[in-house]
Amino acid sequence: MGIRNKIWILIALSVLLSITAFSVNKVENPVASVPSGTYDLPQMVTVSSSTPGAQIYYTIDGTDPLSSQTRRVVRWFISVNTSMTLKLVAVKDGMESSDVVTYQYIIRVSTPKASPGPGDWKKLPEKITLSCATPGATIYFTTDGSEPSRQSKKYTEPIVLKEGQPNIIKAIAIKDDGSPDSYVATFEYKENPNIVLLTDVLKPGVDSNYVIEKVISEMSIDEKVRMVWGAATSQLGAAGNTYAIPRLGITSMELADGPAGLRLGSLSSGGRIATAWPNPMMLASTWNTEIVERIGAAIAEECKYYGVDIMLGPGMNIHRDPLGGRVFEYYSEDPYVTGKMAAAWIRGLQRNDVGATMKHYAANNAENNRMNINEIISERALREIYLLGYEIAIKESNPWAAMGAYNKVNGTYCTENEYLIKILKDVFGFGGLLMSDWGAYHNPIAYKFGFDLNTPGGETRLPGPDSLKQAIKDGTIKEEDIDRAIATILKIVIKTDTFKRQIYDKSEFASRTKLDAVMASMHSKLSKEAAAEGMVLLKNNNTLPLRNVKTIAVVGKIAYKTELPTTWGSPVKGMYFEGGGSAAVVVDMNEVVTIVDALTESGFVVLQKAPNGEYLGEGMSAEDALHVAENSDIGLILIGRPGTEGTDNTPETMRISQEEFEMIKNLSDAYHKFGKKVIVLLNVALPIEVDDWDDYVDAILYIGLPGTYGASALTDILTGKVSPSGKLVDTWPIKYEYAPTFGNMPQANTSEMKYEEDIYVGYRYYDLHPEYVKYPFGYGLSYTNFEYTSLKLDKQVFNLSNENEKIFVTVKVKNTGNFAGKEVIQLYIRANDSSIPRPYKELKGFAKTKLLNPGEEEEVTFTISKRDLAYFDETVHDWVVKQGLYTIIVGGTSDNKILDEQGISAQILVIRKVP
């Protein structure tokens, strides 16, 4: 064979191999769960590609999903609620895109709806408005009892009813796009002076349960299914609202986010301005339930000002892992702290007649694949760690509502998890309504097990409220299940100010876009006070409070950045002042105080730029660092990490970047060369690793996401106007790799995750591995010192035979330093002789002192009950206390070494002695 022929053969083989490889590297075509066809009802279409990691784009206007400006990314599902041409394509970097796949759906036009709804009325409404959920549909109607058609009267304005006679409206909706006409809707309005209204509960001496039962009996099945579905028609820009039935005196409830303050709208698109409070993790770091309760009350004031009835908070999931995307939005790694803080927030809110919603029940401790992940958790871990906070909050604050989480627990979605709902309602005694997180409802069977309200609901949210009628018809649930849920909802409705005032139109509230000036001023002071108490001094090498300082260099790009999130991210103005997602409060950005502004207002000169005119921050040279150090008295470095929902953080988030490291080192070297000092501010939504760089700096201060006025609180701490009194509510490990959950957090495609660490979460694990700890749970420095003295118990023997047995523990704390300050007193209990695995110790009490002047002391009393000594026994499915010795340990940290040296302890003997 000649050389030329060999060359041609090699070329041919090369081309063939390229073609083969090319075909192998093509993304598999996307497949829709619902085939093309004609359907009576809207369809919920899920889409998938068998190519792992492929992203699917779609259009519904017939354009090419590869290039169209109208294309969208498939997230969870596609709502096909009108006739459409659905085009799909799957893409992945490094591979050829799939073919464009087309599905053609013909959907019957939705049946018209009437507002206010039909039925018996004590007094007929004046006008009736007709609507259709199908976009672009035209409604035709009759009022003489005849069947409507395209030749009937076209609906263009509200229909006026006639008094003294039955009024029957029949309507049909049509659309000239090939969609089948809707079914005929019949609306009959009758006067009935004898019907019972929900407002009858307001009459003196009336049994509200009887009234609610009668009102439910007067509802049509259409009204019933809509009552438990949610309305999604908020006039205020709230996250959701419930269905109103004016003919029965039932008002709607406005449901608004969130745990860090009232959210109505968004920063990027506008909304109603409210106070952004310090994030919940930072509020917990105050260890001050009194100030958290005051914040709850203040949030309620803002809710009532804007017409909101229920807040979708507090967030109560456990900080199982520091990478959890919403740890900033929850309180702590410890369930006792979580329950106590939540209870305080709820009490403050509800004493002003605004309801609270505990969320997300339960174990929504990670964000990756939160919609589908199945979490395998032992019953003991559930009861001791993940559900305990809810139990405490229910017993101490009686919340109006709870929200079922997205995830599954032990194989079943939370909103239909019989075990979780039974524990919530029957064991914990929760009497409020149980709603879903937005999109967490999956199956009508949920109502059988005690679920109450699908939110956000709405007529167009598939599968729609009418799906419940079908579920009743096919026996999946009973109408009594719906009646039970309605009764629960109405018991909450009658508590609201909206109901008591019978407000059906909230346009007056909707016209308000800014808080009353007096209210805003009062809340700004409270927010600043809370931020100061929540800041935690982690290191202080004789650096703070500032002395003989006139010029401060503020270093860090974020300190000079203003940026609004385009989606769910954290907003920035000189710092991350709040988190993103449902925790993002709409604020007046002109009100947000930057660190530079706060320092300037406090009389400092702030050095902001390098000699080249650029703002000081990451990437600055060693020469610039020397210039800065020479021309200022102290350096203030800002390290920022945002927080939002939807995805978890990565291990890299916990570590400082190479640029940040070089900035810290260069500045520290430069300042130390001149005998000056450097402070690092941790403006972070999660614990971060500090061990690689903390030796370079002289002080470290955690400032969290401190809210609208957090920078003003910061200056009070820096100058010594306020001594830091915050303490950590999470353990900060030396490295993330040392966390008990390392390697066991979900990725975007994780379908199942077992909680291998079981009950050993946070300090319960680190007590067994103190070598892994950088900053322990309960740790925080002050400008002063405290001494624990005189631990007294009213008795040393605890008799289990006495059902209500208690021991009272009294301890004195004295300020032995030179600054006025507050101390966080922590009480732990250890089972000395346990024959089963138990944590080394567990937090069972805490208190924050008043402001103690030098030499002043305070006496604090704790109560220990049988439950404080118990563990959850999975064999008997109940709490058990073993006889033996227990140690009560009191101090200002969870660090066992420091507790041994500076804390105070006593032993009690637990026995079972029958008289």
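Which residue in β14 is the bridge partner of Tyr140? Let me answer that at once, and then use it as a way into the structure, which, I should say at the start, is a predicted model. The bridge partner of Tyr140 is Lys154, in β14. Tyr140 falls within strand β13, which covers residues 138-142 and is joined to β14 by two bridges, with the two strands running antiparallel.

These two strands belong to an open sheet of five strands, and if you follow the sheet across, the order is β11-β17-β16-β13-β14, with mixed pairing. The strands at the edges are β11, residues 119-121, and β14, residues 153-154, each of which pairs on one side only. As a reminder for anyone new to this, strands of a sheet pair through backbone hydrogen bonds, and they may do so in either a parallel or an antiparallel way.

Now let me move along the chain to strand β43, residues 824-831. Is this strand largely enclosed or largely open to the outside? Seven of its eight residues are buried, and therefore β43 is largely enclosed by the rest of the structure. The strand has antiparallel partners that we can name one after the other. With β44, residues 842-848, β43 shares six bridges in an antiparallel arrangement, and within that pairing Leu827 stands opposite Gly845. With β48, residues 884-891, β43 again pairs in the antiparallel sense over six bridges, and here Tyr828 has Ile889 as its bridge partner. When you look at β43 on the screen, please also keep in mind that in a regular strand the side chains alternate between the two faces of the sheet.

Next, two residues that sit in loops. Asn317 is in the loop between β22, residues 310-311, and α6, residues 335-350. This residue is buried, because its relative accessible area is 1%, which is under the 20% limit for that word. What does the side chain of Asn317 join in a polar contact? The partner is the side chain of Tyr330, at 3.2 Å, and in addition a polar atom of the Asn317 side chain lies 2.9 Å from the backbone oxygen of His360. Leaving aside neighbours within four places in sequence, the residues in contact with Asn317 include Tyr331, Ser332, Lys359, Ala362 and Tyr390.

The other loop residue is Ala583, found between β32, residues 572-573, and α16, residues 595-601. Ala583 counts as buried too, at 2% relative accessibility. What I would like you to notice is that Ala583 and Asp257 are 326 residues apart in sequence and yet 6.9 Å apart in space, C-alpha to C-alpha. Not counting residues up to four places away in sequence, Ala583 touches Ala260, Phe328, Glu329 and Glu578.

Finally, the empty spaces. Rolling a probe the size of a water molecule over the atoms shows where such space is left. How many cavities of 30 Å³ or more does the structure hold? There are six of them, and the largest contains about 100 Å³ of space. The largest cavity is lined by 13 residues, of which His319, Arg320, Pro322, Glu333 and Thr731 are the closest to its centre, and its lining divides into six nonpolar, three polar and four charged residues. The second largest cavity has a volume of about 90 Å³, and its lining has four nonpolar, two polar and six charged residues, among them Lys304, Asp353, Arg501 and Phe509.

Terms used: Residues numbered from 1 in each chain as written. Predicted model: local features only at pLDDT ≥ 70, side-chain atom pairs only at ≥ 80, totals over all residues. Heavy atoms only, no water. Buried < 20%, exposed > 50% of the residue type's maximum accessible area, 1.4 Å probe, protein only. Helix = DSSP H or I, 4+ residues; strand = E, 2+ residues; numbered from the N terminus. Pairing = 2+ DSSP bridges. 1 Å grid on protein atoms, 1.4 Å probe; cavity = no way out; pocket = protein on both sides within 12 Å on 5 of 7 lines; lining within 4 Å. Points joined across faces, edges and corners; volume = space filled by probe spheres on them. Nonpolar A, V, L, I, M, F, W, Y, C, P; charged D, E, K, R; others polar. Polar contact = N/O pair within 3.5 Å; in protein donor to acceptor, adjacent residues only side chain to side chain. Contact = heavy atoms within 4.5 Å.
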